[in-house]
Amino acid sequence: MKPDSMDSAMGGAQSVDRALALLFLIGRQSASGISLSGLVSVSGLNKATVRRQVLALMRAGLVEQDAGTRSYHLGEDAYLLGLLAQGRHGLLSQAMEQVQRLARDTGDAAFISVRRGLHSVCLHREDGAHPIRTYALMPGAHHPLGVGAGSLAMLAALPDAEVEAVIAANQAELTSSFPRLNPETLRMQVVQTRAAGIALNPGLIFEDSWGLGVALHGPDGQLVGAVSIAAVESRMKAPRRAELEQKLRVTARAIEARLTRNQQEKIK
């Protein structure tokens, strides 16, 4: 490598190191936020360098700035990266074996999703062997809470007041992007999900894409995510749908049992 190329590479690596260091500093104070002067003081870098690096992090969606206080917080994409990292360190690592078995046993696509504020995020998709598939939900995709079977299962698991708050906050997005899922339809689906103990999406997002979902709870009873199945409509008709529901319930209970064992092992 030529000397000028080496200098450029070293400079680029140093720039990345500084940006990551600032990202961690912001992350440690993300709830309260940290000011530009605070970052300068803690990092030891000059103001121009900090500002330049933070702007790069903001363009990447990893950092955001509060319009009122002007303080910096972790951005949405930083949160999404954290969720995707659960494939090794969180819910997905505990659920993967069961999700793979579900896809293998049914031949359909199986998913693990989690709640992210007003939305749900797909952490993982495991395709079954059936050649006709629905591609309505892919890893990393996020939708308003209630849109999709797993997402609906999580919405229905929330208290009534929180359900109403989520629906109200997402109403504009629902109206513009999911016209078949108006607030009244979602409320009705929540009632039906609670009564059945399982969420059904009867092709309300994509006409020939049906889904079933069950909410997942941790050892403390708190909502941690959802497991779901998606298939074309012809594979969701009775009596097969009843069989899928049973397999999905068994899978959900197995994942929850694994979460409980993991928690108990950590306490020991």
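**Exercise 1. Is Phe-24 buried or exposed?**

Solution. This model is predicted.
- Step 1: locate the residue. Phe-24 belongs to helix H1, which covers residues 3-28.
- Step 2: apply the cut-off. A residue is exposed when its relative accessible area is over 50%.
- Step 3: compare. Phe-24 counts as exposed because its relative accessibility is 53%.
- Step 4: look at the surroundings. Val-16, Leu-20 and Phe-24 make a nonpolar surface patch of about 290 Å².
- Step 5: consider the spacing. Residues three or four places apart in an α-helix point the same way, because the helix has 3.6 residues a turn.

**Exercise 2. Classify Thr-185 and name the residues it touches outside its sequence neighbourhood.**

Solution.
- Step 1: Thr-185 sits in helix H9, residues 183-196.
- Step 2: the cut-off for a buried residue is under 20% relative accessible area.
- Step 3: Thr-185 has 17% relative accessibility and therefore counts as buried.
- Step 4: leaving out residues up to four places away in sequence, Thr-185 touches Arg-180 and Leu-204.

**Exercise 3. Describe the protein chain as a whole.**

Solution.
- Step 1: count the elements. The chain has 10 helices and 8 strands.
- Step 2: give the extent. The C-alpha trace spans about 70 × 45 × 45 Å along its principal axes.
- Step 3: give the buried share. Of the 268 residues, 43% are buried.
- Step 4: give the surface. The accessible surface is about 14,000 Å², and carbon and sulfur atoms account for 55% of it.
- Step 5: sort the contacts. Among contacts with a separation of 6 or more, 54% are between residues 24 or more positions apart.

**Exercise 4. Which elements supply at least two residues each to the largest nonpolar core?**

Solution.
- Step 1: the largest nonpolar core has 26 residues, and those touching the most other members are Leu-91, Ile-112, Leu-216, Val-227, Met-236, Leu-248 and Ile-255.
- Step 2: at least two residues each come from helix H6 (91-106), strand S3 (109-116), strand S4 (119-126), strand S7 (209-217), strand S8 (223-232) and helix H10 (240-267).
- Step 3: H6 gives the largest share, 6 residues.
- Step 4: take one member in detail. Not counting residues up to four places away in sequence, Ile-255 touches Leu-91, Ala-95, Gln-98, Ile-112, Leu-216 and Val-227.
- Step 5: another core of 20 residues lies apart from this one, and its members include Val-147, Ala-153, Leu-155 and Phe-178.

**Exercise 5. How many residues of helix H7 are buried?**

Solution.
- Step 1: H7 runs over residues 149-156, and 8 of its 8 residues are buried.
- Step 2: the buried residues include Ala-153 and Leu-155.
- Step 3: Ala-153 and Leu-155 are also among the members of the 20-residue core.

**Exercise 6. Work out how strand S7 is paired and why it is largely enclosed.**

Solution.
- Step 1: S7 is antiparallel to strand S6 (residues 199-202), with 4 bridges between them. One bridge joins Asn-201 to Gly-211 in S7.
- Step 2: S6 and S7 form a hairpin with 6 residues between them, and Gly-203 in the turn has a positive phi of about 70°.
- Step 3: S7 is also antiparallel to S8, over 9 bridges. Here His-217 has Leu-223 in S8 as its bridge partner.
- Step 4: the hairpin of S7 and S8 has 5 residues between the strands, and its turn holds Gly-221, with a positive phi of about 85°.
- Step 5: 8 of the 9 residues of S7 are buried, so the strand is largely enclosed by the rest of the structure.

Terms used
Residues numbered from 1 in each chain as written. Predicted model: local features only at pLDDT ≥ 70, side-chain atom pairs only at ≥ 80, totals over all residues. Heavy atoms only, no water. Patch = residues over 30% accessible without salt bridge, like charges linked within 9 Å, V, L, I, M, F, W, Y side chains within 5 Å. Areas by Shrake-Rupley, 256 points an atom, 1.4 Å probe, with all protein chains shown as cover. Salt bridge = Lys/Arg side-chain N within 4 Å of Asp/Glu carboxyl O. Buried < 20%, exposed > 50% of the residue type's maximum accessible area, 1.4 Å probe, protein only. Core = buried A, V, L, I, M, F, W, Y, C linked by side-chain atoms within 4.5 Å. Contact = heavy atoms within 4.5 Å. Pairing = 2+ DSSP bridges.
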